[in-house]
Amino acid sequence: MVWYGGEKQMVHMVEELDYDLLVNAVVGFRGLAPTLAAIERDKDVALANKESLVCGGELVQDALKKHDAVLRPIDSEHSAIWQCLQGNRHEDVSRLIITASGGSLRDLGREELADIIPERALKHPSWSMGPRITIDSATMVNKGFEVIEAHYLFDMPYEQIATVLHPQSIVHSIVEYQDGASIAQLGSADMRLPIQYALYGPDRPYLKEDHPLDLTRTLTLNFKEMDYDRYPMLLLAVQAGKRGGNAGCIFNAADEQAVDLFLKKKISFLEIEEAIADALEQIPFIENPDLNDLFDTDARTRAHVKARWCGQNASGPLD
């Protein structure tokens with residue numbers, strides 16, 4: 001038996017072991033290198049690591065063009081889009097519509113967010129997720145990342161990707177076609193379905209759910225236009241995606257570091273947003289970064305956020 005540990009060993013494992021499909025569910029920037037390593041071995045990737053595309057979408061896209069590999073989305077929203085596209089032509093798509101629950105703080109106005117503590121922000125109303133993703137859902141950073149991810153996964157211009165608020169978390173995404181038809185994927189808040197579809201799709205083996213969706217017990221399905229004043233990070237993330245280069249990497253690194261500081265009660269909830277905006281202004285932009293440039297961008301951004309918000313350098317006690 002061989003044991004692997006650490007970020008470099010993740011890549012070695014991907015490069016050395018024999019497998020048919022890589023499931024990448026690593027959280028954060030460190031998931032990018034294993035994704036690229038698998039593609040370069042002509043291996044398909046079932047992707048739950050948003051950062052592979054947020055930080056390195058152009059590198060991943062270039063690698064896919066050169067190798068016999070495909071990405072199979074695991075995130076519920078992208079799995080829904082993937083399912084709704086089955087049997088239809090890409091050129092007939094008018095828009096991709098990604099739904100958002102609004103996160104744990106969706107019933108609060110911005111004036112109420114200043115004093116939010118981590119314990120409150122971590123109480124998501126629909127999904128059971130890890131701490132970072134739950135906070136990213138509350139700031140809507142996560143939804144911005146999903147727009148970037150959809151852009152690369154489905155080769156769709158940003159102008160044809162929309163987001164809507166849907167608090168029930170039953171409709172996971174919608175594909176709107178140019179003839180006016182909209183196809184949606186509905187399901188309970190259970191990640192086992194998109195995981196199974198990434199592994200077996202388009203086949204649909206039987207899956208026993210603890211709380212299967214019953215539309216007769218669903219009283220209402222509500223959809224609201226996205227409020228960018230309430231969720232400014234969603235718009236900022238999309239702008240970073242459109243800019244390309246290392247902008248997504250800067251955004252992600254600042255967010256990862258700021259969320260970590262918030263969870264440790266070093267900064268306030270709203271300072272997460274301030275840290276991201278500041279990093280995008282202060283960290284040098286690189287138009288065509290290679291993987292080493294992205295590693296450097298990630299490290300420099302994290303160090304900048306620590307120094308700016310906690311007076312710590314890269315070797316400080318928060319490491």
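Which helix lies across S4 and S5? In this predicted model, the element in question is helix H7, formed by residues 141-153, and the direction of helix H7 makes an angle of about 155 degrees with S4.

The strands crossed by this helix belong to an open sheet. Five strands make up the sheet, in the order S7-S6-S4-S5-S8, and their pairing is mixed. The edges are formed by strand S7 (182-186) and strand S8 (224-225), each of which pairs on one side only.

Strand S4 spans residues 93-100. Of its eight residues, six are buried, so the strand is largely enclosed by the rest of the structure. One partner of S4 is strand S6 (residues 171-177), to which S4 is joined in the antiparallel sense over five bridges. Within this pairing, Leu96 is positioned opposite Val175 of S6, and Arg95 has Glu176 of S6 as its bridge partner. Strand S5 (residues 161-165) is also paired with S4; these two strands run parallel and are joined by five bridges. Here Ile97 of S4 has Ala162 in S5 as its bridge partner.

Attention then turns to an arginine in a helix. Arg132 is part of helix H6, which covers residues 131-139. The relative accessibility of Arg132 is 11%, and the residue therefore counts as buried, the limit being under 20%. The side chain of Arg132 forms a polar contact of 2.8 Å with the side chain of Asp255. When neighbours within four places in sequence are left aside, the residues in contact with Arg132 are Val27, Gly28, Glu51, Phe145, Asn252, Asp255, Glu256 and Val259. Asp255 thus appears both in this set of contacts and as the partner in the polar contact.

The cysteines were examined for disulfides, and the count is zero under a cut-off of 2.5 Å between sulfur atoms. For Cys249, the closest cysteine sulfur is that of Cys55, at 4.5 Å; because this is too far for a bond, the two are not joined. Cys249 has a relative accessible area of 0% and is buried. Cys310, by contrast, has a relative accessibility of 23% and counts as partly exposed.

Notes. Residues are numbered from 1 along each chain as its sequence is written. This is a predicted model: local features need pLDDT of at least 70, side-chain atom pairs count only at pLDDT 80 or more; totals for chains, interfaces and linings use all residues. Side-chain values use heavy atoms; hydrogens and water are left out. Buried means under 20% relative accessible area, exposed over 50%, partly exposed in between (1.4 Å probe, protein chains only). Helices (H or I, at least four residues) and strands (E, at least two) are DSSP runs, numbered from the N terminus. Two strands pair if DSSP finds at least two bridges between them. A polar contact is a pair of N or O atoms within 3.5 Å; within protein, one must be able to donate a hydrogen and the other to accept it, and residues adjacent in sequence count only if both atoms are side-chain atoms. Contact means heavy atoms within 4.5 Å. Axes are lines fitted to C-alpha atoms, for helices over the stretch in contact, and angles run from 0 to 180 degrees between N-to-C directions.
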